[in-house]
Amino acid sequence: CYIGSDGYIQPDEPIVVKVVEHMNRAGDWDSNWKKADLPAYLRYYQDNFSSYNCLALVASDVVSSLPLVHRPWGEDDDLTLYRACSAALSVLAIVLTWRIGGRLGGGRVGILAAALVALAPLLVQDAHYARPEAFLTALTLVLVILSWPQPGTVGYPKLATAGICCGLMIACKVSMVLVVWIPLVGLCSGLGGGGLSQGVRRMAAFGFFAILGFLLGVPHFILTPGVFFDGFATLSAQYTHLHPPHSHMEGGAVWDITALYFSRTLGVPVFLCFLLGVLDLCRRRSWALAAVLLGPQVISAAVFMHYSVFFERNLSHVVPLFLIIASLGAVTLMESFSRWCRNRLAAVTFSLGVLAMLLATPAGVTARLDAIEFSGRRQRKISSYTKDLLARYPGIELIRGNAMTADYLSELGSRTASGGGPLLLVLTEYGDEWSARTRPMLNQRFDVEVVRRFPSTFEGLPICTLRTYLSNDEEFILVRARK
């Protein structure tokens, strides 16, 4: 991971840095964004990410007080620490995936699932950002392990741990209610062993510990519950309206963007193996296990694909479950071919081919993500080119514009109205529907020459944070005059 403060920017990372800074300064556990020194667009009544912010506060206090830390601790150190925490939690998710996969289908399933999780571009992004997705992914996998259906009743220690995990997850993101029902599957499957009354007591205990976990995650909820609910209302409104460029221009569900994104970052072979894995689960008739592994994916995907805004990170926590089942399908396919073929060389060749097809797409996208974007290599190249271009045209005025809106066209119009020399426009595009609509207007209204274009590293992907946060299309354009 590239976890230093240079090389890339994630626009939400100031949230944890500034909220924890406020909590430290105030000496309390109030994670209200409104009280933090955040940019205006983030400074409103909101307790989102609260349990993650509290964890970050503990990590910051512990690490900054270590005797090895001799120099003053600053914001860049905090950001690096929080990114390192995400990287560590992502490594934990790989280990948990290996364990779940091994429990489901044996060692080969566990190893393949862990490899796919380590290479999945979305999860690699999460490992680099000071955001809560890696935290929630790890908690989801812990919850699956604790909720694994087995004979007999569920013990209270396991119930308490599962309940606290659920509470912490909801305290971080309310959308986690879509997966925190998982422990109820284990509770219901174990009711026969202890009778109805004992089952009810265990469910009540689970509910108690879930509430306790939530209050641990949002310590100020008892004093200021309105902040939490106001924040929830704000986010709900965001996902029911257009959010350019992460929406269709005419509105509507984003199921097509979702399907295209995952098929192009994970690969079609992974989806085919997932279907084989589902068939294998059905063949086993282990419906409780199918509910634990498939239920969170189906519910989360159905809900977020129905919205009019696509942020792939909303499905991060269920991606490992998807890859575990895909790994089960792949191993089942390889083993079935081996039994049918009875030729060792052919079987090995077939298995290597399946593995190559499964790993090729995620490995290719992640290699570009790490080597070109997170390393800062592409941005340094663009910065160097900008300096050279300005040196080639001394005194030229540089204007930056975003093709998503037409605002830059008005600015160009006012600057060229009085005559003078050409202008240098650096135009950012995301490959979105808004940019596709407004970009031709530039050629229609002005005499322009495209000097150079730096295409996105992820050209061909639909609108996603790989393109908006990390790798835009950048065009360097000479604007000579109005037509």
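Phe 49 is buried in this predicted model, its relative accessible area being 6%. The backbone is unusual to look at here too: Phe 49 is not a glycine, yet its phi is positive, at about 70 degrees. As a general point, most residues other than glycine have a negative phi. Along the chain, Phe 49 belongs to the loop that runs between H1 and helix H2 (50–64).

Arg 342 makes a helpful companion to that residue. With a phi of about 65 degrees, Arg 342 also has a positive value without being a glycine. It sits in the loop between H14 and helix H15 (344–374). Arg 342 counts as exposed, because its relative accessibility is 76% and the cut-off for exposed is over 50%. A further backbone feature is found at Pro 244 and Pro 245, which are joined by a cis peptide bond with omega at about 0 degrees. For context, most peptide bonds are trans. Pro 245 is part of the loop between helix H10 (225–240) and helix H11 (255–265).

Turning to the interior, the largest nonpolar core holds 116 residues, and the members that touch the most others are Tyr 82, Leu 293, Leu 323 and Leu 466. Helix H14 (residues 319–341) supplies the largest share of this core, with eleven residues. A second core, separate from this one, has 13 residues, among them Ile 399, Leu 409, Leu 442 and Val 448. In soluble globular proteins, nonpolar side chains tend to be buried together.

Two leucines give a closer view of the surroundings of H14. Setting aside residues up to four places away in sequence, Leu 323 touches Ala 113, Leu 116, Val 117 and Ala 120, together with Leu 266 and Val 270. Leu 328 is likewise found in helix H14. Leu 328 counts as buried because its relative accessible area is 3%, and buried means under 20%. With residues up to four places away again left out, the contacts of Leu 328 are Leu 104, Gly 105, Val 109, Gly 277, Asp 280, Leu 281 and Arg 284. Leu 328 and Gly 401 are separated by 73 residues in sequence and, from C-alpha to C-alpha, by 48 Å in space.

Val 448, already met as a member of the second core, lies in strand S3 (residues 446–454). Beyond residues up to four places away in sequence, Val 448 touches Leu 442 and Asn 443 as well as Ile 477, Leu 478, Val 479 and Arg 480. The C-alpha atoms of Val 448 and Arg 342 are 66 Å apart, for a sequence separation of 106 residues.

The packing of one helix pair can be followed residue by residue. Helix H1 (residues 13–26) and helix H3 (residues 75–105) have axes that come within 10 Å and cross at roughly 120 degrees. This crossing of H1 and H3 is right-handed. On the H1 side, the contact is made by Glu 13, Val 16, Val 17, Lys 18, Val 20 and Glu 21, and on the H3 side by Glu 75, Leu 79, Tyr 82 and Arg 83. By class, the residues of this contact between H1 and H3 are five nonpolar and five charged, with no polar ones. Tyr 82 of H3 is also one of the four residues named above for touching the most other members of the largest core.

Two threonines are found on the buried side of the accessibility scale. Thr 465 belongs to helix H19 (residues 465–470) and is buried, with a relative accessible area of 5%. Its side chain forms a polar contact of 2.4 Å with the side chain of Glu 312. Not counting residues up to four places away in sequence, Thr 465 touches Gln 125, His 246, Phe 311, Glu 312, Arg 313 and Leu 470. Thr 137, in helix H6 (residues 133–146), is buried at 3% relative accessibility. Apart from neighbours within four places in sequence, Thr 137 is in contact with Ala 93, Ser 316, His 317 and Pro 320.

Finally, Ala 356 is placed in helix H15. Its relative accessibility of 45% makes Ala 356 partly exposed. Between Ala 356 and Ser 147 there are 33 Å from C-alpha to C-alpha, and the two are 209 residues apart in sequence.

Terms used:
Residues are numbered from 1 along each chain as its sequence is written. This is a predicted model: local features need pLDDT of at least 70, side-chain atom pairs count only at pLDDT 80 or more; totals for chains, interfaces and linings use all residues. Side-chain values use heavy atoms; hydrogens and water are left out. A nonpolar core is a set of buried Ala, Val, Leu, Ile, Met, Phe, Trp, Tyr and Cys residues joined through side-chain atoms within 4.5 Å. Buried means under 20% relative accessible area, exposed over 50%, partly exposed in between (1.4 Å probe, protein chains only). Helices (H or I, at least four residues) and strands (E, at least two) are DSSP runs, numbered from the N terminus. Contact means heavy atoms within 4.5 Å. A polar contact is a pair of N or O atoms within 3.5 Å; within protein, one must be able to donate a hydrogen and the other to accept it, and residues adjacent in sequence count only if both atoms are side-chain atoms. Axes are lines fitted to C-alpha atoms, for helices over the stretch in contact, and angles run from 0 to 180 degrees between N-to-C directions. A crossing is left-handed if the near helix is turned anticlockwise from the far one by less than a right angle, and right-handed if clockwise. Ala, Val, Leu, Ile, Met, Phe, Trp, Tyr, Cys and Pro count as nonpolar, Asp, Glu, Lys and Arg as charged, and the others, Gly among them, as polar.
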